[in-house]
Amino acid sequence: MFALVDGNNFYVSCERVFRPSLNGRPVVVLSSNDGCAIARSNEAKALGVKMGAPWFEIRHLEEQEGLVALSANFALYGDMSDRMMSIAAGLGPAQEIYSIDESFIGLDGVRGDLTKRSHAVRDRINQWTGIPCGVGIGATKTLAKLANHIAKTAERKPGSYPESLATVCNLLNLPGSDVDAILAATDVGEVWGVGRRIGQQLRDAGVTSVLDLARLSPSMVRDRWSVVLERTVRELQGEACISLDDAPSPKKQIACTRSFGQPVTEVKPLIEAVSEFTSRAAAKLRRQSGLAGQILVFAHTSPFRQGPHFSKSIVIPLRRPTADTRHLVQAAVMGVTQIYKPGFKLSKAGVMLLDLMPDNVSQGEFDFGAPETRDRGKLMAAMDSINDRFGRGAIHVGSAVGGCRPRDWSMRQERLTPQYTTKFSDMPVARA
């Protein structure tokens, strides 16, 4: 048995905790450089604001409908997520933090009324952090995810599902006929793992509801679509095929990308940016005790701006898997130099470390020359330690610095709210 605890409109909810005046108003949180909407309040959704809508397309709603737009405050959201997840862990003995606002809880061995227990944990999260959330309970992770969708939809759209399922939906407590009615009333596209393309293929085949999908033959689904969709069908039928991961697994890719506050038109600042991004990605790689075998570098212009468009990437294989910032930056600079073309206003660039492996794996290789005899691991550890203590960017590689000081490649956040819980000077003051 599984439960999924999911914060409602999480980014917006975090902002409302410290600014109650935003309650009941349409609010969106914008992405890097205030580009597009990545979180919407229910009131903003009612105005027709779509996820990912560019800000310049919805900006008129600011004056016409009172829409409030805020820059993404990731430091605040990460800290609030930690608080929420620590409370959610009290629901059961095992926990998998799936995303910044979602957490799967293993309920095997938990006695008593799970619905009542879920309501109590949900109320505690709301009281202690101010974050409203929904809880879904099912025999499998797919059913728990679906139950969470039902719980949140029943609260947001009264009449869409029975009122008793709002905020907490426990499919295990419902008679089979009631579960079938709920699945029949839910579009197949709401199933975890059914994307837009597969969803359309299913509808073309006459599978329009979740109940239709759950009644398909798993073997037929495997032959016609894939083993992944077969697993989804088995999960909908109550057969647990996806286990709970108690400990987060190392990332298979590590990326660091940024949208520029101002267009980049020359290769020198582009090299500086890519060098800085690679340094950050290398630090993440070392934190998970990994090595990278390849590095991808890309740059492109904005699809929303007029003028010539450019988008190109390149993968640079490394001579030996490494976590050394110097070698990774050298490869990244080589890559960005090859793909760069003058005459374009570049709006975004980034790097992605690929072919990751643990640093304790012995890598067989051809004799392309003697490896570096001097151990640079201590140097990298010293760099990470200094940057952790004095702030990210206290030490840079030389190619990241233009002139006397490195450029500021941080996001443009003109609507950023204070970091209430992670910065002492921004701590809110209560007067009684």
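A short working chat about a predicted model follows.

Colleague: Before we start, what are the ground rules for this predicted model?
Modeller: Local features need pLDDT of at least 70 and side-chain atom pairs count only at pLDDT 80 or more, while totals for chains, interfaces and linings use all residues. Residues are numbered from 1 along each chain as its sequence is written, and side-chain values use heavy atoms, with hydrogens and water left out.

Colleague: OK, what volume does the largest pocket have?
Modeller: About 1,100 Å³. A pocket here is an open set of points on a 1 Å grid over the protein atoms alone, where a 1.4 Å probe fits, with protein on both sides within 12 Å along at least five of seven lines. The volume is the space filled by probe spheres set on the points, which are joined across faces, edges and corners.

Colleague: Which residues are closest to its centre?
Modeller: Asp6, Asn9, Lys45, Lys152 and Arg156, out of 40 that line the pocket (an atom within 4 Å of a point).

Colleague: And which element gives the largest share of that lining?
Modeller: α7, with seven residues.

Colleague: Switching topic: how do the axes of α5 and α6 cross?
Modeller: Helix α5 (residues 74–88) and helix α6 (residues 114–129) have axes that come within 9 Å and cross at roughly 150°. That makes α5 roughly antiparallel to α6 (over 145 degrees). Axes are lines fitted to C-alpha atoms over the stretch in contact, with angles from 0 to 180 degrees between N-to-C directions. Helices are DSSP runs of H or I, at least four residues.

Colleague: Which residues make the contact?
Modeller: On α5, Met80, Arg83, Met84, Ile87 and Ala88; on α6, Val121, Arg124, Ile125, Trp128 and Thr129 (heavy atoms within 4.5 Å).

Key: Helices (H or I, at least four residues) and strands (E, at least two) are DSSP runs, numbered from the N terminus. Angles under 35 degrees count as roughly parallel, over 145 as roughly antiparallel, 65 to 115 as roughly perpendicular and the rest as oblique.
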